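Grab a pencil and work through these exercises on one protein structure. Try each task yourself before you read its solution.

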Amino acid sequence: MENLTVNTPVRLYGTPAEAVEQAALWRPGDPFPLLAGPALDRFRRVVGEEMPSVEVTRRAGSVVSTGGPLSRAAGRLLAVATERPHRHVDASGLAAVAGGGLVAVVGLASDLAEARDWPAAGNPRTGVLTGRTPASLLCLVYRTLVPEAGARDGAFVVSNPFHQDELEADAVELAEMDRLFTERNQLVVYHLHGRECSAGMPDAVICGRSDDGVPPSGPLPEGYRIPSCLRGGGCYRGDLAEDQRIRAMDLNAVLVFSQSCSTVAVGASAFPPEVSLGSGFLEGTATAVIGGLGSHMAEPGLEREVRDGMASGLPLGDIVARLNSGEGGHRGGMATFGLLGDPGLVLKAPAEGVTPPPVTPHGTEGTEEALETLGHLNDTVLPRCERLPWLELEGAEEEFLGLRRRIRELAYRADAPDLPAQAALLAEAVAEAQHGLIRQAAAAAQREGADFLGDSSPLFEQEAREEIPCAGCGLPRAFRIRLRHRVDRSLVVHTEQCRRCGDLHWSTAESPGTAPYIRGPVDFSADRRSATVLTREIVNPGPRTVRGAAGFAFQTRDEPVLPSWTSEPVEIPAGGVYRFRIPLDLPAYPSVRPDPHTGQVMALLDGVCLLSPAVMGLA
């Protein structure tokens, strides 16, 4: 055995057996036992010859090791230095002990392969510390105890040029990645497509292998998908030269956040452990890797949530659990993250290089509200509007189709900082489209009168009928009817009729109890010699603001004998009432007869179409 340097806090041992023997006796303050190897050489290059001391730092959770004596020794070292309990179990028993809390699982890659599944399958707060060799596993445990030694307080983002975040990325091609070979950034983010053995760029591939690419001389392992490089056929990226193959272990980082398929593949590996990309990062200077398990749909900007957790002082296991929770609408059900590293480790957030932490979980203030607005427009308002041609409210089909396209375009840009403003503009456009239909309906009612069902009347069948008091005359001689369209079964119409007063109210609301409605007496009196104001209240008993328009028209067949049609935009908060005032300058129309004149108050709010007659008794 030998000291690495004079008075160094670490000591090198010649064989794994010697390191295991010393690890069983190690106490805080003793030189930390290590084995010589490429992993330690790479770490020395970023921290310098004076290796950092291991200081006891209590961490939450527990440590579990599996495999042979070296894995047990590595687990004990981690547990003692972080004041956590330690257990050693067979690989087949990992699922039972990793069932709750922050559990650090320690073992050689060959030992963990015996688990036959991801050790954290039942507990997203579990992390796995692994190495391909005894030297690399001990070095990883050492790095985990001095996690930020030699690190630059910054971040670096590598992205494919066709990802949404490519304009903000630090590198989209090999020539822009030089810093990663020489500097150890606090956080390195990879938004790259890939598979278990690699992540691809247009002009390079990040390779999980830690050797020089020469195929192994012994028999190939059974039960795995064997890549062409292990069969002597070279890298599967035949378009690249050997100097365009980047070994993951040569890219420095404290924490790697990789959004590519199967970055984390331990226990459930489809490829041999010798080529795993996540394990390749751990063969370098990375202290931990957060990456996709299995098929992964990358979500640009999700590193903000990682950074936000770091800034909040969360241990890595809790950050990964948050990523896997589905909160904030992330991941779309197609991604699960795993942690290679100590789940109890708390890292500080980088000071630069990644967009500052978000105010809300999804990354931009107001984003969740904007997505909820888009969902309401897409699922509720536009479907209602698209059913209106059955009621002969036509002329806006193309406009509504265009609005649907805009919703999709915005939804695909869910991480854009201007999403809240764009969603608000789209909501205004939908409200204005409804106003256009009300203007059209009011003008038509003036010419022809208002027949709510129009020629579609034979296509409706009665589903329910009940006797009610009349809202106009107050006597129990009215009835409420629910009709459903025979072809478009989603179109429901509710109407109230009185044997004396006639039409009282029409509505396309699916649930009348929470939908807007028009309130006011059917009959009102007026004098030809005086101006008056017809007022109707539009009530919104529902739980959210509704937007659209209201209008009014007398049927005059375009003869100027009564005031012309009118309309105005309407917005009513949840539980609110809108007073729709229609000025009637009757002295300006001296030729109007002293007779009952029927007008129609109409509204279209969040796709719910309303109609309520108003009969003016003119003296």
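## Exercise 1: A strand from the inside

Strand E7 sends Thr-126, Val-128 and Thr-130 one way and Gly-127, Leu-129 and Gly-131 the other way, and all of these are buried. Here strands (E, at least two residues) and helices (H or I, at least four residues) are DSSP runs, numbered from the N terminus. Buried means under 20% relative accessible area, exposed means over 50%, and partly exposed is in between (1.4 Å probe, protein chains only).

Before going on, a word on the model: it is a predicted one, where local features need pLDDT of at least 70, side-chain atom pairs count only at pLDDT 80 or more, and totals for chains, interfaces and linings use all residues. Residues are numbered from 1 along each chain as its sequence is written, and side-chain values use heavy atoms, with hydrogens and water left out.

**Task.** Work out how many residues of strand E7 (residues 126-131) are buried, and which residue of E7 is the bridge partner of Gly-107.

**Solution.**
- Step 1: start with the general pattern. In a regular strand, side chains alternate between the two faces of the sheet.
- Step 2: count. In E7, 6 of the 6 residues are buried, so the strand is largely enclosed by the rest of the structure.
- Step 3: look next door. Strand E6 (residues 103-108) runs parallel to E7, and 6 bridges join them. Two strands pair if DSSP finds at least two bridges between them.
- Step 4: find the partner. Gly-107 is bridged to Thr-130 in E7.

## Exercise 2: An open sheet

**Task.** Find which strands stand at the edges of the sheet with a single partner strand each.

**Solution.**
- Step 1: write down the order. The open sheet has 4 strands, E10-E11-E12-E13, with mixed pairing.
- Step 2: read off the ends. Strand E10 (194-195) and strand E13 (245-247) each have a single partner strand, so one side of each has no neighbour in the sheet.
- Step 3: check the middle. Strand E11 (residues 198-201) and strand E12 (residues 204-207) pair in the antiparallel sense over 4 bridges, and Ala-199 stands opposite Ile-206 in E12.

## Exercise 3: The nonpolar cores

**Task.** Find which helix gives the most residues to the largest nonpolar core.

**Solution.**
- Step 1: get the term straight. A nonpolar core is a set of buried Ala, Val, Leu, Ile, Met, Phe, Trp, Tyr and Cys residues joined through side-chain atoms within 4.5 Å.
- Step 2: meet the members. The largest core has 74 residues, and those touching the most other members are Phe-32, Tyr-142, Val-158, Met-177, Tyr-190, Ile-206 and Phe-281.
- Step 3: name the helix. Helix H6 (residues 134-145) gives the most, with 8 residues.
- Step 4: don't stop there. A second, separate core has 40 residues, including Ile-407 and Leu-604.
- Step 5: zoom in on one member. Leaving aside neighbours within four places in sequence, Phe-281 is in contact (heavy atoms within 4.5 Å) with residues including Tyr-190, Ile-206 and Val-289.

## Exercise 4: Empty space

**Task.** Find how many cavities of 30 Å³ or more the structure holds.

**Solution.**
- Step 1: count them. There are 4 cavities of 30 Å³ or more. On a 1 Å grid over the protein atoms alone, a cavity is a set of points where a 1.4 Å probe fits but cannot get out, and lining residues have an atom within 4 Å of a point.
- Step 2: take the largest. Its space is about 110 Å³, and its lining includes Arg-195, Cys-197, Tyr-236 and Arg-245.
- Step 3: take the second largest. Its space is about 60 Å³, and Thr-130 and Ser-279 are among the residues lining it.

## Exercise 5: Buried or partly exposed?

**Task.** Is Val-320 buried or exposed, and where does Glu-83 lie?

**Solution.**
- Step 1: place Val-320. This residue lies in helix H10 (residues 316-324) and counts as buried, at 1% relative accessibility.
- Step 2: look across the chain. Val-320 and Leu-339 are 19 residues apart in sequence, yet 6.9 Å apart in space, C-alpha to C-alpha.
- Step 3: place Glu-83. This residue lies in the loop between helix H3 (69-82) and strand E5 (86-89), and is partly exposed at 42% relative accessible area.
- Step 4: check the backbone. Glu-83 has a positive phi of about 55° although it is not a glycine.

Note on methods: On a 1 Å grid over the protein atoms alone, a cavity is a set of points where a 1.4 Å probe fits but cannot get out, and a pocket is an open set with protein on both sides within 12 Å along at least five of seven lines; lining residues have an atom within 4 Å of a point. Grid points are joined across faces, edges and corners, and a volume is the space filled by probe spheres set on the points.
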